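Trainee: Please take one part of this model and go through it closely, then place it in the whole.

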Amino acid sequence: MKQTEHKQEILDKRYMRMAQIWAENSYCQRRQVGALIVKDKMIISDGYNGTPSGFENVCEDEHGLTKPYVLHAEANAITKIARSSNSSEGATMYVTASPCIECAKLIIQAGIKRVVYAEKYRLEDGIELLKRADIEVVYLNPENI
């Protein structure tokens with residue numbers, strides 16, 4: 001392994017640990033997911049899954065199912081970028097769970113060029129779409145972070 005690859009792996013693990021801690025902000029019971037957007041070694045946005053601003057902080061209905069209006073961590077991080085003066089063009093997203101297809105579309109449109117994820121989701125269509133868009137996709141085994 002080249003030294004630059006080793007340095008990148010160390011950074012990837014550090015940012016992923018930070019995303020895991022950020023996920024703890026989520027009020028969701030079923031699954032807590034965190035996301036960071038990093039550009040030029042600076043965190044330019046963050047997000048976790050939850051309800052839209054101004055809504056009650058309850059993600060599941062009385063049957064334990066996720067409410068349809070809950071935002072994913074990736075969507076929250078990307079929409080924060082839209083409300084700031086930052087640009088996610090060429091950035092890396094660190095997310096604690098693999099992106100769904102809807103979030104993959106947002107990642108592509110946001111100009112993010114690299115996605116690092118930890119937990120594999122049963123559906124891989126989001127990951128496949130990112131690869132099809134020539135976005136570098138890196139899986140980090142949660143046990144090695």
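Mentor: Leu 36 has Tyr 94 as its bridge partner in strand β3, and that pairing is a good place to start. The model is predicted, so to speak of local features requires pLDDT of at least 70, side-chain atom pairs count only at pLDDT 80 or more, and totals for chains, interfaces and linings use all residues. Residues are numbered from 1 along each chain as its sequence is written, and side-chain values use heavy atoms, with hydrogens and water left out.

The part to look at is strand β1, residues 34–39. Helices (H or I, at least four residues) and strands (E, at least two) are DSSP runs, numbered from the N terminus. Five of the six residues of β1 are buried, and the strand is described as mostly covered. Here buried means under 20% relative accessible area, exposed over 50%, and partly exposed in between, with a 1.4 Å probe and protein chains only.

Strand β1 has two partners to consider; strands pair if DSSP finds at least two bridges between them. Strand β2, residues 42–48, runs antiparallel to β1 and is joined to it by six bridges. Within that pair, Val 38 is matched with Ile 43 of β2. Strand β3, residues 92–97, is also antiparallel to β1, with four bridges between them.

Now follow the chain from β1 into β2. The two strands form a hairpin with two residues between them, and in this hairpin Asp 40 takes a positive phi near 55°. Lys 41 lies in the loop between β1 and β2. Its phi is near 60°, also a positive value in a residue that is not glycine. Most residues other than glycine have a negative phi. Lys 41 counts as exposed because its relative accessibility is 64%.

A positive phi turns up elsewhere too. Asp 134 is not a glycine, yet has a phi of about 60°. Asp 134 sits in the loop between α4 (125–132) and β5 (136–139). With 70% relative accessibility, Asp 134 counts as exposed.

Val 115 offers a contrast in accessibility. Val 115 belongs to strand β4, residues 114–119, and counts as buried because its relative accessibility is 0%. From Val 115 to Asp 134 is 19 residues in sequence and 11 Å in space, C-alpha to C-alpha. Contact means heavy atoms within 4.5 Å. Leaving aside neighbours within four places in sequence, Val 115 is in contact with residues including Met 93, Val 95, Leu 130, Ile 135 and Val 137.

Finally, the whole. The protein has four helices and five strands, in the order α-β-β-α-β-α-β-α-β from the N terminus. Its radius of gyration is 15 Å, close to the 15 Å that the globule rule gives for 145 residues, so the protein is as compact as a globular protein of that length. That radius is taken over C-alpha atoms, and the rule is 2.2 Å times the number of residues to the power 0.38. The C-alpha trace spans about 50 × 35 × 30 Å along its principal axes. Of the 145 residues, 42% count as buried. Among contacts between residues at least 6 apart in sequence, 51% join residues at least 24 apart.
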